[in-house]
Amino acid sequence: MEVPIETRKPSKIGLFFIAATGGIATAISVVVLAVAKRGFKAHGIELNTWLVWYSRLQALINGLSSDTAFHKQDLWKHHLGKYDNVVIFGVDQMVQKTKCISRSLLPSFLQMEDIEKKFNSELSKDSLVIACRFPLPNTHPVVTIGHGVDTVWIYKIPQN
């Protein structure tokens, strides 16, 4: 199972919180670079080799190579235990396809539920998770901002 990546840039709301927290983002180099520019160490995970190299080049051009790392890896195989903050961008492929209900009205909690389990088992207590576009199904957010595709949910991971 792979977590797909979307090429659309994150919303301004998402960038604000991402920039304020540091941590790991699933591959969108603009997010990782924004975090690093604010003095945090930041990592990105991406399956696409070209996007990994592009992100590394952007970090080099911006003088942020020492504060960033881009990994060509499957998010499901990458252990998250060393991170205090995680940003995940849900994409359309995480939306359930049904015959009776529009997929825009019914987000699939299958993959979001799986990633939520990964967060709960690997992240330490009080780690922050910032979910963009789709919420975690079983954890109550500390804050919800925005609406539609620009919604951002911020979660604090409970005791394991």
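A residue counts as exposed when its relative accessible area is over 50%, and as buried when that value is under 20%. Keep these cut-offs at hand for the stops below, in a model that is predicted.

**Whole chain**

Start with the full chain coloured by secondary structure. The chain has 4 helices and 7 strands, and along the sequence they run α-β-α-β-α-β-β-α-β-β-β. Of its 160 residues, 46% are buried. The exposed area comes to about 8700 Å², with 57% of it supplied by carbon and sulfur atoms. Now consider contacts between residues at least 6 apart in sequence: 60% of them join residues at least 24 apart.

**Confidence**

Recolour by pLDDT. The chain mean is 74, and 68% of the residues reach 70 or more. Select residues 1-22, where pLDDT is below 50; the model still gives this stretch 61 contacts beyond near neighbours in sequence. Then select residues 94-109, where pLDDT also stays under 50. Here the model has 23 contacts beyond four places in sequence.

**Helix 3 and a surface patch**

Select helix 3, residues 49-61, and go to Ile61, which lies in this helix. Is Ile61 buried or exposed? Its relative accessible area is 57%, so Ile61 is exposed. Add Leu57 and Leu60 to the selection: with Ile61 they make a nonpolar surface patch of about 320 Å².

**The largest nonpolar core**

Next, show side chains for Ile115, Phe119, Leu123, Val129 and Leu136. Within the largest nonpolar core, which has 18 residues, these five touch the most other members. Two or more core residues come from each of strand 4 (85-89), helix 4 (109-122), strand 5 (128-132) and strand 7 (152-156). Which element gives the largest share of this core? Helix 4 does, with 3 residues.

Centre the view on Ile115. With neighbours within four places in sequence set aside, Ile115 is in contact with Leu75, Trp76 and Leu136.

A second core, separate from this one, has 9 residues. Select Leu33, Ala36, Val52 and Phe70, which are among them.

**Helix 2**

Leu33 and Ala36 lead to helix 2, residues 29-37. How many of the 9 residues of helix 2 are buried? The count is 7, and the helix is mostly covered. The buried ones are Ser29, Val31, Val32, Leu33, Ala34, Val35 and Ala36. Step past the end of the helix to Gly39, just after it, where phi is positive at about 95°.

**Lys156 and Asp126**

Finish with Lys156, in strand 7. Lys156 has a relative accessible area of 43%, between the two cut-offs, and is therefore partly exposed. Show what surrounds Lys156: leaving out residues up to four places away in sequence, it touches Asp126, Ser127, Leu128 and Val142. For a distance check, draw a line from the C-alpha of Lys156 to that of Val143. The two residues are 13 apart in sequence, and the line should read 9.7 Å.

Move from Lys156 to Asp126, one of its contacts. Asp126 sits in the loop between helix 4 and strand 5. Its relative accessible area is 41%, so Asp126 is partly exposed. Inspect the backbone here: Asp126 is not a glycine, yet its phi is positive, at about 70°.

Definitions and conventions: Residues numbered from 1 in each chain as written. Predicted model: local features only at pLDDT ≥ 70, side-chain atom pairs only at ≥ 80, totals over all residues. Heavy atoms only, no water. Patch = residues over 30% accessible without salt bridge, like charges linked within 9 Å, V, L, I, M, F, W, Y side chains within 5 Å. Areas by Shrake-Rupley, 256 points an atom, 1.4 Å probe, with all protein chains shown as cover. Salt bridge = Lys/Arg side-chain N within 4 Å of Asp/Glu carboxyl O. Buried < 20%, exposed > 50% of the residue type's maximum accessible area, 1.4 Å probe, protein only. Core = buried A, V, L, I, M, F, W, Y, C linked by side-chain atoms within 4.5 Å. Contact = heavy atoms within 4.5 Å. pLDDT = per-residue confidence, 0-100.
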